[in-house]
Amino acid sequence: MPYHLPLGPVDRVNQPPVYYLQVQDSLILISSWLWTVAYVLYVRQAFRDKSYGMPLLCLWANIAWEFLFGVWAPTSAAQTVAFVPWLIIDIGIVYTTWKFGPEQFKAAPMVANNMGAVVFGGTAAMTVLFWTFIKTFGVDNASFYIGYGDQLLISITSVAQLMSRHNTSGHSLGIWFCRASGTFLTILLFGWRYWHYAESYPRVAYPTTLFLFAAAEVVDGFVYPMVYFRLENGKKSKRKIK
């Protein structure tokens, strides 16, 4: 008997062949695993550098997205399987942000002295905002576009964080590789689905979707590593001078 994940609503209608489901499931499981590793590495790097790597806005968005679409209104069993572990690891990311975040906001004492309120208040506000998207656009569309909007947000704000700090504290090549590869595999996943059942996944070809896909890959594939290696090379040059 062939093995595959439980069928989602679209697959129950299309009844695709086993090879299609197994490729789809492999992309889902590997991308989920890569993002899980990235989350764990965020926590480890935070303790190593006494800093934090996930930008605050992304942390708010991630927790809200994972709670709403992994617990409150999942669109498939795969989402619950992937999102619940991320929510658990988020506890470590929240803790390291609260513990080491104030050091990064010395110039903004109102933020530094109220980091707990900033994290929890921002997460609550983002959860309500995403809930309004669900009510306005439906669960499936909201999950898709919020998810890829969040992917692009993480890509851009991670670069901005590196540039504003002038160092790579809280970041690592391992985090970048797992995060970028995980995102790339999800894009391949939707490309696989669209190639076989374009009528069931028309939004994959929408201009907004193509922009989100392309922009995330450009930032993750070129801009982030360029900035990261430039900062690392600068650090090595300073060491040689000393």
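**Exercise 1. In which hand does α3 pass α6?**

Solution. The model is predicted: local features need pLDDT of at least 70, side-chain atom pairs count only at pLDDT 80 or more, and totals for chains, interfaces and linings use all residues. Residues are numbered from 1 along each chain, and side-chain values use heavy atoms, without hydrogens and water.

Step 1. Find the helices, which are DSSP runs of H or I with at least four residues, numbered from the N terminus. α6 covers residues 115-137, and α3 covers residues 56-72.

Step 2. Take the geometry. α3 and α6 pack at an angle of about 50°, with axes 8 Å apart. Axes are lines fitted to C-alpha atoms over the stretch in contact, and angles run from 0 to 180 degrees between N-to-C directions. The pair is therefore oblique. (Under 35 degrees is roughly parallel, over 145 roughly antiparallel, 65 to 115 roughly perpendicular, and the rest oblique.)

Step 3. Assign the hand. The crossing is right-handed: the near helix is turned clockwise from the far one by less than a right angle, whereas anticlockwise would be left-handed.

**Exercise 2. Describe the contact of α3 with α6 by class.**

Solution. Step 1. List residues in contact (heavy atoms within 4.5 Å). Among them are W60, W65 and W72 in α3, and M126, F130 and W131 in α6.

Step 2. Sort them. The contact has 19 nonpolar, three polar and no charged residues. (Ala, Val, Leu, Ile, Met, Phe, Trp, Tyr, Cys and Pro count as nonpolar; Asp, Glu, Lys and Arg as charged; the others, Gly among them, as polar.)

**Exercise 3. Work out how α3 lies against α4.**

Solution. Step 1. α4 spans residues 77-104. It packs with α3 at about 150°, axes 9 Å apart. So α3 is roughly antiparallel to α4.

Step 2. α3 passes α4 in a left-handed crossing.

Step 3. The contact includes E66 and F67 of α3 and F83, W86 and D90 of α4. Its residues divide into 13 nonpolar, four polar and two charged.

**Exercise 4. Repeat for α7 and α8.**

Solution. Step 1. α7 is 139-165 and α8 is 173-196. They pack at about 150°, with axes 12 Å apart. α7 is therefore roughly antiparallel to α8.

Step 2. Their crossing is left-handed.

Step 3. Y148 and Q151 of α7 are among the contact residues, as are R179 and F190 of α8. By class there are five nonpolar, five polar and one charged.

Conventions
Helix = DSSP H or I, 4+ residues; strand = E, 2+ residues; numbered from the N terminus.
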